Every structure is written in structure tokens, then in C-alpha cells.
Amino acid sequence: MTGTDNGREAYAAERAELARLLPPAPGTDLPPGRHEHHRERLMNLIDDDTARARDRARERADRPGRSRLLRPSFLAPATALAVAGALVVGYSAQNGGGPADTGDTRSVSQVLHRMSDAAGRSDALPIRDDQFLYTRGTGRDVDLTSGKAVIGPLEESESWYSQKPGPQKKLGLIRQGGDTLPINAELGDSEGTRPGLNRPTYRWLATLPTDPRQLLDYFDEITPKFEGEDRDQALFESIGGLVGHALLPPDTAAGLFEAVALIPGVTRTPDAVDALGRKGVGIARDDERSGVRTEWVFDPEDLSYLGWSSHLTRDTEYGEKGDFMGDSAVIETAVVDKAGVKPQS
């Protein structure tokens, strides 16, 4: 047997072991940090389908002490596994916001500026520390454990995220398929998970700078750095993790959209579609490492967030260019007083 064959077998064995360790599909809505916990494991499977990737996979297997808790990822579906479905609170373009132009005459910066203005004008009410952010949505998972992308069915889920200040060991509840389970503290947080990127409470979000450049610089400081990553992509994902999981104060939301406009490589796609087939304006960026483009989908009329959709941008070992890689859609969001209780209709 040649050295190349040995390398292939070693890489395949590592991939199979990692796939075995991954938990069953937990549904379409996970805390931001948990998306990243699974994301980092899956990145071991999709570096590049080359000998260099196999060598690096073996090197990572021998490297001690590497953290598995990365930045919150709105691009969780881009790295597969069944963690699809980031759900967010949309912001209405009130007080003269008007429809967004979905033609080719507007640059991505112009569209993001329009979204920033809409967010800043919203009348979103703050959420108290003793309340919960309720989200209901649906999404499709993509499973890579077989070595090929396998698309799952649409699955609806509900979640309740605690807004309590300070470290918390119980972050909320998630309900899917008739089961209601607790959302526990992030892996390694023995004293509980503090408010921050992995637990974006309203109170914490309100402390963030609102100037776009300061905000982007701050995210560069607090977003973990890893060898070989695209730093701009990392920042895009970190901001997406907040846009994708949190009830944002209007000024914070406005600043985040302006900050996204400063990230190189962010593009506008006028024909984006969410998991429910709703068409809208897409804000996207290609992850060159995984070969996946993920689009955030916004309603063309009021600029509210609808969901996301992603696909491959090049041929990979698990699919071909253009293949579907997951999506989600927001159905309902609300503020409630108790976990497990649905909002009043």
C-alpha cells in the first residue's frame, strides 16, 4: 500500500470518528456558541479535498488543547451537519423606510445602509432581564456524515432564550418533534456561560459601540482567531451570529448593518430565497475555505429578516457547485415571561 493510500485511509478514519462523535440533529435553532461547537468539528471534514488537507487533518488530531468553542456562526449550515436554522428578529422599515430596490443599480453598501436606517427607526421594545426571547422557525439540515450532502426535511422548532445577566448554567429551552429540552451552558463553561458572543442578551448588546468602524474593530478583538482562517469571513460570521440569534437594540442593529458594509467580499443577491420559498434581497459572502455561499434573506418591502439559504460555490468531495447546503425561515418571534410558554396570539 502506498503512502498516499495510507494517508487517505487515515483521513477517512478520522472523518468517520468525528462523524460518530457528532450528536443527532438537534433541530433548527441552537444557541450561537453551539452552532460553532459543531461547526469546528465539521471543518475537519471539509478543509480541502487534497493531500494537504489530509496531512493537516492528521496534524490537528495530534494537536493538544485547541478550543472547540468558536465565534457564533450564522453560517452553521455552510459547514453542514444538522444545525441549520438561525432564527432572528426582523426589523420593519417604518417611518418612510419604503421598499428596497432589488434591481442591479444598488450596491451592497447602499442596501445595507437602507437596512441600517430601517433598524434604527424600529420601535422594538427592550426585553427585561427576567424575560425570554421566543423564536419559532423552520429549516432543512444537511448531513455530511456519509461523505455526501444529504438534505433532510423541513423541521419546525421553538426556543426560549434567557436574558438573565451574569453566568448562567441553564440558557433556556428548545422544543422540536414533541420534545422539550434544556439549553445548557456552553462546553467548558463550568460556572455558566456569560453574556457575550455565545449568549447575546439584550443588556449585553446595548453595551456595544454603535459607530460602525468601532464596532467592527471591537468584533475583531473579541472574535477568536484561528490559523488559516479568512478573517473577514470570521467577522462576517460573528456579526451574523448576533443578527441571527438576538433581539437587537435599534442603535446596535443599525451599527451592525453599517459594520457589515465595511467587510470586503460582502455581496448583494437580489433573488435570495428562504426555507419557506419567500423571495427577498440577499446579503451574502463566500467562505473560500469551505466553498459555501450563505445568503441572509430580507423582505424586499419592509427589509425585515426572513431567513437564510446556502449552497456550494465550487465542487467538493461531498457535492457539486450549486448544490443546496441548508436554509431556514423565521415564522414568529416574541418576548415572553416564562420559558416553555407560547406567546399569546
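**Exercise 1.** How many bridges join strand E1 to strand E4, and do the two strands run parallel or antiparallel?

*Solution.* The model examined here is a predicted one. Begin by locating the two strands, E1 at residues 132–140 and E4 at residues 155–162. Between them there are 8 bridges, and the strands run antiparallel. As a point of reference within this pair, Leu-133 stands opposite Tyr-161 in E4.

**Exercise 2.** Place this pair in its sheet, and find the strands at the edges and the helix that packs on the sheet.

*Solution.* The sheet is open and has 9 strands, which follow the order E6-E5-E4-E1-E11-E10-E9-E8-E7 with antiparallel pairing. Its edge strands, each pairing on one side only, are E6 (179–184) and E7 (267–273). From one strand to the next, the twist averages 25 degrees. Helix H4 (residues 108–121) packs on this sheet, where it touches E7, E8 (279–287) and E9 (292–298), and the direction of H4 makes about 120 degrees with that of E8.

**Exercise 3.** Check the span of helix H7 against what its number of residues leads one to expect, and then describe how the helix starts and whether it is covered.

*Solution.* Helix H7 (residues 231–243) has 13 residues, so at 1.5 Å a residue it should span 18 Å, and this agrees with its end C-alpha atoms, which are 18 Å apart. At the start of H7, a side-chain oxygen of Asp-230 comes to within 3.0 Å of the backbone nitrogen of Asp-232. Finally, 12 of the 13 residues of H7 are buried, which leaves the helix mostly covered; among the buried residues are Arg-231, Phe-236, Glu-237 and Val-243.

Methods: Residues are numbered from 1 along each chain as its sequence is written. This is a predicted model: local features need pLDDT of at least 70, side-chain atom pairs count only at pLDDT 80 or more; totals for chains, interfaces and linings use all residues. Side-chain values use heavy atoms; hydrogens and water are left out. Two strands pair if DSSP finds at least two bridges between them. Helices (H or I, at least four residues) and strands (E, at least two) are DSSP runs, numbered from the N terminus. Axes are lines fitted to C-alpha atoms, for helices over the stretch in contact, and angles run from 0 to 180 degrees between N-to-C directions. Contact means heavy atoms within 4.5 Å. The expected span of a helix is 1.5 Å times one less than its number of residues. Buried means under 20% relative accessible area, exposed over 50%, partly exposed in between (1.4 Å probe, protein chains only). A polar contact is a pair of N or O atoms within 3.5 Å; within protein, one must be able to donate a hydrogen and the other to accept it, and residues adjacent in sequence count only if both atoms are side-chain atoms.
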